[in-house]
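Please look over the model shown here, and then follow the paragraphs below from the inside of the protein to its surface.

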Amino acid sequence: FANSASETRTQTESAFAAAFVRQMGNIELLIRAVGAVVFFTLLLVTGNTMAIAVRERRKEIGVLKTLGFTSRQVMGLVVAESVLIALIGGALGVLGSQGILWFLTHAPGMKSLVATVGLSELRIPPLVAALGFANAVFLGFVAGFVPAYSAYRARITDMLRTV
């Protein structure tokens with residue numbers, strides 16, 4: 001068809017779809033960048049929440065240290081609280097996303113819509129769910145470490161004086 005007035009280009013459907021996606025740009029880079037920004041924002045929000053929790057409990061931490069808890073034990077309690085909150089959040093996130101996908105693939109009104117779009121086999125692989133859960137736990141540990149370190153360094157007299 002190279003010499004005709006109406007030239008055509010013959011290709012498979014998968015090659016056409018790949019060319020169409022390439023026209024949109026580097027989607028993988030965009031998704032990774034958005035994921036990194038979301039993770040960093042969650043880190044800041046969680047860290048700020050834990051810092052406020054430690055600041056509001058200064059007297060309690062001072063009393064714990066007065067009763068004989070070592071600074072290391074107090075630091076461990078703060079980090080453990082942060083990790084526990086992250087564990088609960090990670091579990092709710094994984095289970096909630098599984099529930100949403102189940103709803104999308106099994107609800108009577110949604111079944112035909114999902115089948116029309118071609119997402120009838122939509123599911124979260126176990127590895128992705130595990131990585132999401134592990135990210136939540138890591139986020140909880142990192143976010144709780146800085147406030148826990150400030151509780152570790154704090155002197156008993158300073159903590160009991162604050163109101």
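**From the core to the surface**

In this predicted model, the largest nonpolar core consists of twelve residues, namely M50, V54, I61, V74, M75, V78, V79, V83, A148, A151, A154 and M159. Three helices, α2 (27-56), α4 (71-106) and α6 (126-153), each give two or more residues to this core, and the largest share, five residues, comes from α4.

One member of the core to follow is V74, which, once its neighbours within four places in sequence are left aside, is in contact with I61, L64, K65, F69 and A151. Among these partners, I61 and A151 also belong to the core.

The lysine in that list, K65, lies in helix α3, which spans residues 58-66. Is K65 buried or exposed? Because its relative accessibility is 8%, K65 counts as buried, the limit for that word being under 20%. Not counting residues up to four places away in sequence, K65 touches S71, V74, A151, Y152, A154 and I156, and of these V74, A151 and A154 are core residues.

On the surface, a nonpolar patch is formed by F16, F20, V21, M24, I27 and I31, which together have about 600 Å² of accessible area. Helices α1 (13-23) and α2 each give two or more residues to the patch, with the largest share, three residues, coming from α1. One of the patch residues, F20, lies in helix α1, and F20 is called partly exposed because its relative accessible area is 46%, a value that falls between the limits of 20% and 50%. Helix α2 thus appears twice in this account, giving residues to the core and also to the patch.

How values were computed:
Residues numbered from 1 in each chain as written. Predicted model: local features only at pLDDT ≥ 70, side-chain atom pairs only at ≥ 80, totals over all residues. Heavy atoms only, no water. Helix = DSSP H or I, 4+ residues; strand = E, 2+ residues; numbered from the N terminus. Buried < 20%, exposed > 50% of the residue type's maximum accessible area, 1.4 Å probe, protein only. Contact = heavy atoms within 4.5 Å. Core = buried A, V, L, I, M, F, W, Y, C linked by side-chain atoms within 4.5 Å. Patch = residues over 30% accessible without salt bridge, like charges linked within 9 Å, V, L, I, M, F, W, Y side chains within 5 Å. Areas by Shrake-Rupley, 256 points an atom, 1.4 Å probe, with all protein chains shown as cover. Salt bridge = Lys/Arg side-chain N within 4 Å of Asp/Glu carboxyl O.
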